[in-house]
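Biologist: I'm new to this structure and would love a close look at what surrounds one of its ligands. Could you walk me through it, and then show me a little of the helix packing elsewhere?

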Amino acid sequence: MRAGSGAGRRNDRFTERGETSDRAESLRQEEYLQRAAQEVADLEQEIGRRPTCCVTTFGCQMNARDSEKLLGILRRAGYAISESEDADFVIYNTCTVRDNADQRVFGRLGRLSHYKKSNPHMKIAVCGCMTQEQGNVDRLRKSYPYVDLIFGTHNLFRFPEYLYRCLRGEKRMVELWEGTGRIVETLPVERRYPYKSGVNITFGCDNFCTYCIVPYVRGRERSRSSEEILEEVRRLAADGVTEVMLLGQNVNSYGHDLPGELSFPELCRRVCAVEGIRRVRFMTPHPKDFSDELLEVIREEPKMARHIHLPMQSGSTEILRRMNRRYTKEQYLALAEKIRTRLPDVAMTTDIIVGFPGETPADVEDTLDVIRRVCFDNAYTFIYSPRRGTPAASMEPVPEAQIHESFGQVLAQVQACARERCSRLAGQVLEGLVEELNTQEAGYVTARLSNNTLVHLPGDASMIGQYHRIRLDEDHGFYYFGQIVTEQESNG
Ligand code: SAH
Ligand code: SF4
Ligand code: F3S
């Protein structure tokens, strides 16, 4: 009988938060994974085919990395990974940074209910940042009764246990923690790309920018020990990964919570020194903590990517103050100019919020001024979205018409700069990592340069994961078409 209760009921010995050590917790989850695997094997017998799973990711790189962990667990439990949401176990790993992220999830959940009607074995789980918000959980419970499992960001490492209980027939499980000091990172991972990987270095955020929900849904900042990080990088390299991206909400404050730990720049040096690693990226640095030492590491270490994503948010000192960003327009400009002068081959990208409460046309002029002066290689521009419980949500909103006008101005300036910066690369020969087949053009592959620019070039699937010297022939404004050049050509 599948929908049993006895063995499926949670064992109370294990439910207390923080009761078990991280090692004991890992072993415990391993055990649950084995039990879940038995359930999946039984299900396979029953339905006469291998059960499938699908994890859909919303949001940032951190969520993408979490999804790889979820897929690793599902794969080890015996599921076949599918791209289709018409699967036997579907997880939505959600983002709540802006309201449209929430709405996308609610919209798509509706579609899942149709699949579930025709597949009685289907299980639906929702996890990630959205579920750390009580309002969202209430709505899920009330209007989406076919969701079998809801869990949060702090207890993701308990997914094997939740999976097992769900497979045993427990219904409408809600497993949420308000926070955790724990980092349990020993579960299996199913990497999306064989040649590149994210590596978490910190979790959570302590900055409390007044518009941002991340500190509330991801909790206080916690660093992983550098030993663990380096061990993970070595394992990844041994497994064929050549590019890593060090992930955290504010990577420059890495280690501040661990006495005697390496600084972020030193960590970068050590990661570069791992044999087999050819490129090191990081996401995201905060301008207030960006040190000269980090600039030095990027200058000296060719493996450090020629790309810095430096979120500006606004060019107006007054808006920055109200955002609690803790730098001024002048400080941001000084840092950006230092990067441009000391690291002339490094691309700079940024994030900009338009329509923060109280923003005037003069504030937008300041933003446009910084964009023009730094001339970003690219920028993500967002319309401000009030998030419940954040300080900015109770500030006076900007009229919509004004926001749209400002947004148009900012976007136009960003695009003009991006084109200008891209055009400077014409004719250069640079190293690209071939990432995938080109989806638009048969017989082409797409490579990423160290500076994050994409280049399409003739090629086939056998080239994926390889590094090639590529001549940038045709400028298409934001990307290139190019050709591989041989050593001789590139020297001559
Ligand atoms: N930790 C990173 C970014 C995390 S969120 C940093 O400090 O830069 C990614 C981006 O989403 C932010 O840089 C910001 O531009 C945008 N963002 C965050 N909250 C937002 C909100 N309430 N409305 C609109 N954009 C927001
Ligand atoms: Fe949000 Fe600010 Fe933390 Fe980035 S640094 S995650 S924008 S609070
Ligand atoms: Fe979104 Fe959570 Fe990332 S809110 S941006 S998925 S940390």
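Modeller: Happily! Around ligand 3, the shell is made up of four nonpolar residues, three polar ones and one charged one. Keep in mind that this is a predicted model. The residues in question are C60, N63, C95, T96, V97, C129, R218 and Q249.

Q249 also appears in the surroundings of ligand 2, where its companions are C205, N207, F208, C209, Y211, C212, V214, P215, H286 and R325. By class, the shell of ligand 2 has seven nonpolar residues, three polar and one charged.

Now to the helices. In α9, which spans residues 292-300, the buried residues are L294, L295, V297 and I298. Looking down the axis of α9, you would find these buried residues within an arc of 160°, so they line one face of the helix. A general point helps here: an α-helix has 3.6 residues a turn, so residues three or four places apart point the same way. The cover over the buried residues of α9 includes α8 (264-272), β11 (279-283), β12 (307-309) and α11 (329-342).

Further along the chain, α12 (residues 361-374) packs against α13 (residues 400-423) at an angle of about 10°, and their axes are 10 Å apart. The two helices are therefore roughly parallel to each other. On the α12 side, the contact is made by P361, V364, T367, L368, I371 and R372, while α13 brings Q402, S406, Q409, V410, Q413, V414 and C417. Sorted by class, this contact has seven nonpolar, five polar and one charged residues.

Definitions and conventions. Residues numbered from 1 in each chain as written. Chains lettered and ligands numbered in written order. Predicted model: local features only at pLDDT ≥ 70, side-chain atom pairs only at ≥ 80, totals over all residues. Heavy atoms only, no water. Axes fitted to C-alpha atoms, helices over the stretch in contact; angles between N-to-C directions. Helix = DSSP H or I, 4+ residues; strand = E, 2+ residues; numbered from the N terminus. Parallel < 35°, antiparallel > 145°, perpendicular 65-115°, else oblique. Contact = heavy atoms within 4.5 Å. Nonpolar A, V, L, I, M, F, W, Y, C, P; charged D, E, K, R; others polar. Near = heavy atom within 4 Å. Buried < 20%, exposed > 50% of the residue type's maximum accessible area, 1.4 Å probe, protein only. Arc of directions from axis to C-beta.
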